[in-house]
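The following exercises concern the description of a protein fold from its coordinates. Each task is followed by a worked solution.

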Amino acid sequence: MYKTLIKASLGLIFLAALLVIPRYVESPYALHMMILLFLSVSQGQSWNILGGYAGQYSVGHAAYFGVGAYTTMMLMYSRQVVPWVGVWVGVAIVIVVALVIGSICFRLRGPYFVLASIAVAEIMRLSAINLTTLTNGAEGILATEIPAFKIGERVITDFLTKVPFYYIGLFLALFTIAITYWVQHSKLGYYFQAIREDQDAAHSLGIHITVYKNIGLVISAVLTSLAGAFYGIYVGFVDPPTVLGLDVSVQIMLICIIGGMGTIWGPVLGSLLLVPLSEALRSNMITEGLVKIGLVSADSRIGLFLKENLSHAHVLLYGILVVLVILFMPEGLMGFIKKMAPRRNREAV
Amino acid sequence: MAILEIKSVSKFFGGLAANSDVSFVVEEGTIMGLIGPNGAGKTTLFNCITGYYPPSKGEVIFNGRRMNGLQPDKVCMLGMVRTWQKVRPLAKLSVIDNVMVGALARTSSLKHARELAMEQLKVVRLEHRVDFLAGGLPIGERKKLEVARALATQPKLLLLDEVMGGLNPAESEEIIQLILDIKHHGLTQMVIEHDMKAIMRISDRIVVLTSGEKLTEGTPQEVVSNQDVIDAYLGESHA
């Protein structure tokens, strides 16, 4: 009783802090980092529902991310549809796409499903490159001017600073966490996990496997497309590799695998680790840090080498990270933390 | 009244007849034993009955309804549920969550499912394991969990596939009592078992399969004194 009260009040304080951050933090870079974090949480959480709970390891979530991003951007760019309308068109399209993909790919199990999901995302990427009249092909779509958001005559925001994006991102992250919480505490979550643990056993217990896998896919795809739309509007630019590339799919998975699959807080932990890491690499912070603490000198050959290469090495480091996680924390950070906690409910003795 | 009718069911895998022309009837409220040497097609028959394989020929009639071609989930919803020879616990879920998955076939409320699941855990006497992870249970308790999870779907017919396999005599005895308890509550059961003493005690009737065909059928006494059964399956010592 006390514990839940403490937990709830801590949560509220944390939430309040998140809400007031933009009032006190003016650095656009800090806000940018937070926005990336929110985006990552919502991506990881979306994948979590299908991959973590239902055990269907899709390596093609870029398809849904890309469709969400592209639809919103294309509508804004060529039809002047405001993004907060366009995003729902994206959602509608993604539902259809997900059901088509699901009805084909869910005939396959395990590694074959993984391969099929990759293939589907690649089809999407190649289509985006080649359907130039629709998508502008490899050039991508640049649309940075977002019309002001008004209710009646009152301008709520004109999207000139990062603050509105901060709140949209925060809302998106909280929304995906809430959906995951709801899934875990409903019949759906039980059925997803039963399918993950043993599909044949689940089938014998009255669970319509294909229906539930498709429900999982649709929820997951819709949330991913919302994240995609948000990404497109925030960055103001989409092209095939950045929203439909294989590394987008992999990145979405990694957030969840590293953080802990099938847990509510896993994707949050994964994001807290991965987002700063990839930013630090991209901005060469690590090399600068090493120089600062005197480990390497900036002019030495090693220093120059690191400066030159480390910023491109984030994929390599991700790889190393995944290997380490699989070796030492097969259930992700979240599983590791749980294991450190008192060993209740572990094994029957 | 017949709850399950197997009418000339055959199942072919390529040229191999895993079941051929098997027919029998299970009466409501009774226990039907299914015995036979390894490879006789007992589990295949279970798979045909519960929708994992469509029978190649013949019909499965449950409660007056033709079941051929129905998927396992539909079969379960209509009231027929099976356990697995090789147990299939949902390893990373707790014991109660495992049974709740079964109970959720009949309710959408988690609270109600939890109550139903607790009842079944009491029936199989696993109340003390409620919050344990299913994957960590010893084999005897996994078998019981399997039964509890199946019972939680509120079946009219329970099919148990070697639920005593791999158990020590004390554990087997518990399962025998459990099966008799379940019968006492009016539930029809079909049981595959290798332990002749056990199957003699629990069954009202027994069907004997060899190489996919029905060798004979009758009360336990009739079956053990049948010369064909002795030759094919039991050997001299049981005579």
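**Exercise 1. Characterise the overall fold of chain B.**

Solution. In this predicted model, residues 24 or more positions apart account for 64% of the contacts in chain B with a separation of 6 or more. Next, consider burial: 47% of the 239 residues of chain B count as buried, the criterion being 20 or more other C-beta atoms within 10 Å of the residue's own. The secondary structure of the chain consists of nine helices and 10 strands. Its radius of gyration is 18 Å, close to the 18 Å given by the globule rule for 239 residues, so chain B is as compact as a globular protein of that length. Finally, a box of roughly 50 × 40 × 35 Å along the principal axes holds the C-alpha atoms of chain B.

**Exercise 2. Determine the strand order of the four-stranded open sheet in chain B, and explain why one side of each edge strand lacks a neighbour.**

Solution. The order in this sheet is 2-1-4-5, and the pairing is antiparallel. Strand 2 (16–27) and strand 5 (65–66) stand at the edges; each has a single partner strand, so one side of each has no neighbour in the sheet. At one of these edges, strand 4 (residues 57–62) pairs with strand 5 over two bridges in the antiparallel sense. There, B:Arg65 of strand 5 is the residue opposite B:Phe62. The last step is to place helix 1 (residues 42–49) of chain B, which lies across strand 1 (2–13), strand 2 and strand 4. The angle of helix 1 to strand 2 is about 65 degrees.

**Exercise 3. Describe the packing of helix 3 against helix 5 in chain B.**

Solution. Two packed helices are described by the angle between their axes and the distance between the axes. For helix 3 (residues 95–103) and helix 5 (residues 139–151) of chain B, the angle is about 35 degrees and the axes are 7 Å apart. The crossing of helix 3 and helix 5 is right-handed. Helix 3 contributes B:Val95, B:Asn98, B:Val99, B:Val101 and B:Gly102 to the contact, while helix 5 contributes B:Leu145, B:Ala148, B:Arg149 and B:Ala150. By class, these residues comprise six nonpolar, two polar and one charged.

**Exercise 4. Analyse the side of chain B that touches chain A.**

Solution. Begin with the counts: 32 residues from chain B and 20 residues from chain A take part in the contact. Then assign the chain B residues to elements: helix 2 (72–77), strand 6 (80–82), helix 3 and helix 5 each supply at least two. Lastly, classify this side of chain B: it has 17 nonpolar, six polar and nine charged residues.

Terms used. Residues are numbered from 1 along each chain as its sequence is written. Chains are lettered from A and ligands numbered from 1 in the order in which they are written. This is a predicted model: local features need pLDDT of at least 70, side-chain atom pairs count only at pLDDT 80 or more; totals for chains, interfaces and linings use all residues. Axes are lines fitted to C-alpha atoms, for helices over the stretch in contact, and angles run from 0 to 180 degrees between N-to-C directions. A crossing is left-handed if the near helix is turned anticlockwise from the far one by less than a right angle, and right-handed if clockwise. Two residues are in contact if their C-beta atoms, placed from the backbone, lie within 7 Å. Ala, Val, Leu, Ile, Met, Phe, Trp, Tyr, Cys and Pro count as nonpolar, Asp, Glu, Lys and Arg as charged, and the others, Gly among them, as polar. The radius of gyration is taken over C-alpha atoms; the globule rule is 2.2 Å times the number of residues to the power 0.38. A residue is buried if 20 or more other C-beta atoms lie within 10 Å of its own, exposed if 12 or fewer, and partly exposed in between; C-beta atoms are placed from the backbone. Two strands pair if DSSP finds at least two bridges between them.
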